[in-house]
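Please walk me through this protein model, starting from one residue and working outward to the whole fold.

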Amino acid sequence: MANPIPTPNELPRQDLFHLYRFKDHEWIEIDEDTQRHGTIGITTYAAKALGDVVFVELPALDLEVSAGDAIGAVESVKSASDIMSPISGRVVERNELLEEKPGTINRGPEAEGWIARIEVGEGVVGEVEGLMGEEEYRKFTEEE
């Protein structure tokens, strides 16, 4: 078995829910039990900046992605933005609800508005270490 994702004791900036944030305003929550799957979405900060979401382009199933790759897009009344994968992996599920109700992202970007689930790629520990915890991300957004 490959190296698991670091636990909170191994990665101090990580919060208790294995929730990380990416510099491009996406989040990933690593499954605590298996550490082999992650759920990806856009942050609340990004959802507020976009305004009312009117369309979501979801990733294709089985799409192999590297950290920083575009996996879809979100369009709002104000602008459009690519959705980036915070870590490497393979898309195993997508939130089909967003095709019919894209505004779900505005109501719960870090909950029911998730975009996709991925099977975590091999050797992503370094990628995860480059992501931000909640406090670090808050400071990052204040500087923008």
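Which backbone oxygen lies 2.6 Å from a polar atom of the side chain of S76? The backbone oxygen belongs to L50. The model is a predicted one, and the distances given here are computed from it. A second backbone atom can be named for this side chain: the backbone nitrogen of K78 lies 3.1 Å from a polar atom of the side chain of S76.

S76 is part of strand β6, which covers residues 70-76. With a relative accessible area of 11%, S76 is buried, because buried means under 20% relative accessible area. Leaving out residues up to four places away in sequence, S76 touches L50, G51, D52, V53 and V54. L50 therefore appears twice for S76, once through its backbone oxygen and once in the list of residues touched.

Strand β6 also holds A70. A70 counts as partly exposed, at 44% relative accessibility, whereas S76 is buried. Not counting residues up to four places away in sequence, A70 touches D82, I83 and M84. A70 can also be placed relative to P86: the two are 16 residues apart in sequence, and their C-alpha atoms are 9.6 Å apart in space.

The next step is the partner of this strand. β6 and β7 are paired in the antiparallel sense over five bridges, and they form a hairpin with three residues between them. One of the bridge partners can be named: V74 is matched with S81 in β7.

V74 and S81 also lead to the largest pocket, as both are among the residues that line it. The volume of this pocket is about 180 Å³. Its lining is made up of D24, H25, E26, I42, Y45, A46, A49, L50, V74, S81, D82 and M84. Two elements, α1 (44-50) and β7 (80-84), give two or more residues to the lining. The largest share, four residues, comes from α1. By type, the lining residues divide into seven nonpolar, two polar and three charged. L50 is again on the list, and it is the residue whose backbone oxygen lies 2.6 Å from a polar atom of the S76 side chain.

Another lining residue, H25, deserves a look at its backbone. H25 is found in the loop between β1 and β2 (26-30), and it is buried, with a relative accessible area of 13%. Most residues other than glycine have a negative phi. H25 is not a glycine, yet its phi is positive, at about 75°. D62 is another non-glycine residue with a positive phi, of about 70°. D62 lies in the loop between β4 (53-57) and β5. Where H25 is buried, D62 is exposed, with a relative accessible area of 51%.

The loops of H25 and D62 lead on to a sheet. Six strands make up an open sheet with antiparallel pairing, in the order β1-β2-β3-β9-β8-β5. β1 (19-21) and β5 (64-65) stand at the edges with a single partner strand each, so one side of each is left without a neighbour in the sheet. For β5 that partner can be followed in detail: two bridges join β5 to strand β8 (residues 89-94), and the two run antiparallel. V65 has G89 as its bridge partner in β8.

A further loop lies between α3 (104-107) and β9 (116-120), and E112 is in it. What is E112 in contact with, leaving aside its neighbours within four places in sequence? The contacts are N95, T104 and R107. E112 is partly exposed, with a relative accessible area of 41%. E112 and G41 are 71 residues apart in sequence, while their C-alpha atoms are 9.4 Å apart in space.

The whole chain can now be summarised. The protein has five helices and nine strands, and along the sequence they follow the pattern β-β-β-α-β-β-β-β-β-α-α-β-α-α. Of its 144 residues, 47% count as buried. Among contacts between residues at least 6 apart in sequence, 61% join residues at least 24 apart.

How values were computed. Residues are numbered from 1 along each chain as its sequence is written. This is a predicted model: local features need pLDDT of at least 70, side-chain atom pairs count only at pLDDT 80 or more; totals for chains, interfaces and linings use all residues. Side-chain values use heavy atoms; hydrogens and water are left out. Buried means under 20% relative accessible area, exposed over 50%, partly exposed in between (1.4 Å probe, protein chains only). A polar contact is a pair of N or O atoms within 3.5 Å; within protein, one must be able to donate a hydrogen and the other to accept it, and residues adjacent in sequence count only if both atoms are side-chain atoms. Contact means heavy atoms within 4.5 Å. On a 1 Å grid over the protein atoms alone, a cavity is a set of points where a 1.4 Å probe fits but cannot get out, and a pocket is an open set with protein on both sides within 12 Å along at least five of seven lines; lining residues have an atom within 4 Å of a point. Grid points are joined across faces, edges and corners, and a volume is the space filled by probe spheres set on the points. Ala, Val, Leu, Ile, Met, Phe, Trp, Tyr, Cys and Pro count as nonpolar, Asp, Glu, Lys and Arg as charged, and the others, Gly among them, as polar. Two strands pair if DSSP finds at least two bridges between them.
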